[in-house]
Amino acid sequence: MKIWLNGGLQDAEDARVSVFDHGLTVGDGVFETIKAERGRAFALTRHLERLTTSARGLGLPDPDLDEVRRGCAAVIDANPMALGRLRLTYTGGVSPLGSDRGDAGPTLVIALSETQRRPDTTAAVTVPWTRNERGALTGLKTTSYGENVVALARARERDASEALFANTVGALCEGTGSNVFVVLDGELHTPPLHSGCLAGITRALTIGWAGAKETDLPLDALERAEEIFLTSTLRDVQAVTRIDRRQLPDGPGPVTAEAMRIFDEQSAADFDPR
């Protein structure tokens, strides 16, 4: 396995990141997860734009996107696989032990692991913890993922693959690594960005391709939604058939099935949609 570390390919077992890297010690970093399919990275331009946005929000220097593109291509070429999870991690680099960032410059790691196509359906749960829609990191894809680890563990305990959060005012927000869509009275809705959710790449494409409305929704919209689905880089569009103890139809509903069809069709036609 080959990875990209700070400008070049290295064997994974030989690659080294300092124990003083700020991404390790305090979670000072941003990242992207990208679907790599048969030698290509899906929606790479959108992902790199969001990587830059997240870096700026955290006060990191803009990543060198030419280098990032070279690194992505090199890693994909060096590790051929049908379907992979391409992970870009960009951190504050070697720094003092504390919240102050050092001056050594950022660390860039690009790695790839093989994965399988997700099932068409899944289960989700709600959790008692909230997303802060007014926090310093709101809307940034940072490596500070501790609360997602805790919430996803709660979901796994309940035989679910995702945990859904409300925000501090009780509005439906997002999952640990996904955006959520609901069908109400036959219309497709998803929480707006001001709810505190991440500006998901798959979310944005689904809104544009399937015609979803961005709507402020209470958390209990999940209790009355006719259909629910999740979107993310590796889920694409995935139907939810159980939310907490509420059972929905066993397969994708008609609106979800159409969104799945449209996403598959459009993403196959344009692997780097702008």
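**Group meeting: the pocket, the core and the salt bridges of a predicted model**

The largest pocket in this structure encloses about 1,200 Å³ of space. Before I go further, please note that we are looking at a predicted model.

Let me stay with the pocket for a moment. Its lining is made up of 46 residues, and those nearest the centre are Lys141, Tyr145, Thr176, Gly177 and Ser178. Two or more lining residues come from each of S3, S5, helix H4, which spans 146–157, S9, H5 and strand S13, which spans 227–232. Which element gives the largest share of this lining? Helix H4 does, with five residues. As for chemical character, the lining of the largest pocket divides into 22 polar, twelve nonpolar and twelve charged residues.

Helix H5, one of the contributors to that lining, covers residues 201–210, and its buried residues are Ile201, Thr202, Arg203, Leu205, Thr206 and Ile207. Directly after H5 comes Gly211, with a positive phi of about 75°.

I turn now to the interior. The largest nonpolar core contains 23 residues, and the ones with the most contacts inside it are Val30, Val68, Cys72, Leu86, Leu88, Tyr90 and Ile110. The elements supplying two or more residues to this core are strand S3 at 29–37, helix H2 at 44–58, helix H3 at 65–78, strand S5 at 83–91 and strand S6 at 107–114. Strands S3 and S5 therefore deserve a second look, because they appear in the core list and also in the pocket list, with strands being DSSP runs.

Take Val30 as an example from the core. Setting aside residues up to four places away in sequence, Val30 touches Leu51, Ser54, Ala55, Leu58, Leu60, Leu88, Thr89, Tyr90, Lys141, Thr142 and Thr143. Lys141, in that list, is also one of the residues nearest the centre of the largest pocket.

A second residue to consider is Ile34, which is found in strand S3. Is Ile34 buried or exposed? Its relative accessibility is 0%, so Ile34 counts as buried. Apart from neighbours within four places in sequence, the residues in contact with Ile34 are Ala41, Phe42, Leu44, His47, Gly84, Arg85, Leu86, Leu88 and Thr233. The last of these, Thr233, is 199 residues from Ile34 in sequence, yet their C-alpha atoms are 6.2 Å apart in space.

The next topic is charge pairing. In general, side chains of opposite charge can pair when their charged atoms come close. How many salt bridges does the structure hold? There are 16.

One of them joins Asp236 to Lys35, with the closest N and O atoms 3.0 Å apart. Asp236 belongs to strand S14, residues 236–243, and Lys35 to strand S3, so this pair ties together parts that are 201 residues apart in sequence. Burial here means under 20% relative accessible area. Asp236 is therefore buried, with a value of 12%, and Lys35, at 8%, is buried as well.

Another salt bridge pairs Arg131 with Glu174, where the closest N and O atoms are 2.6 Å apart. Here Arg131 sits in strand S7, residues 121–131, and Glu174 in strand S9, residues 172–175, which lets the pair link distant parts of the chain, 43 residues apart. Both Arg131 and Glu174 are buried.

A further salt bridge, between Glu187 and Lys213, has its closest N and O atoms 3.1 Å apart. Glu187 lies in strand S11, residues 187–190, and Lys213 in strand S12, residues 213–214, with their positions 26 residues apart in sequence. Where do these two residues stand in accessibility? Glu187, at 37% relative accessibility, counts as partly exposed, and Lys213, at 40%, also counts as partly exposed. In addition, Arg117, Arg118 and Asp120 are joined into one network by salt bridges that share partners.

Finally, some backbone details. Asp159 is not a glycine, yet has a positive phi of about 55°. Asp159 is placed in the loop between H4 and strand S8, the latter at 162–167, and is exposed, with a relative accessible area of 65%. Asp185, likewise not a glycine, has a positive phi of about 50°. Asp185 occupies the loop between strand S10, at 179–184, and S11, and at 75% relative accessibility Asp185 counts as exposed.

Conventions
Residues numbered from 1 in each chain as written. Predicted model: local features only at pLDDT ≥ 70, side-chain atom pairs only at ≥ 80, totals over all residues. Heavy atoms only, no water. Core = buried A, V, L, I, M, F, W, Y, C linked by side-chain atoms within 4.5 Å. Buried < 20%, exposed > 50% of the residue type's maximum accessible area, 1.4 Å probe, protein only. Helix = DSSP H or I, 4+ residues; strand = E, 2+ residues; numbered from the N terminus. Contact = heavy atoms within 4.5 Å. Salt bridge = Lys/Arg side-chain N within 4 Å of Asp/Glu carboxyl O. 1 Å grid on protein atoms, 1.4 Å probe; cavity = no way out; pocket = protein on both sides within 12 Å on 5 of 7 lines; lining within 4 Å. Points joined across faces, edges and corners; volume = space filled by probe spheres on them. Nonpolar A, V, L, I, M, F, W, Y, C, P; charged D, E, K, R; others polar.
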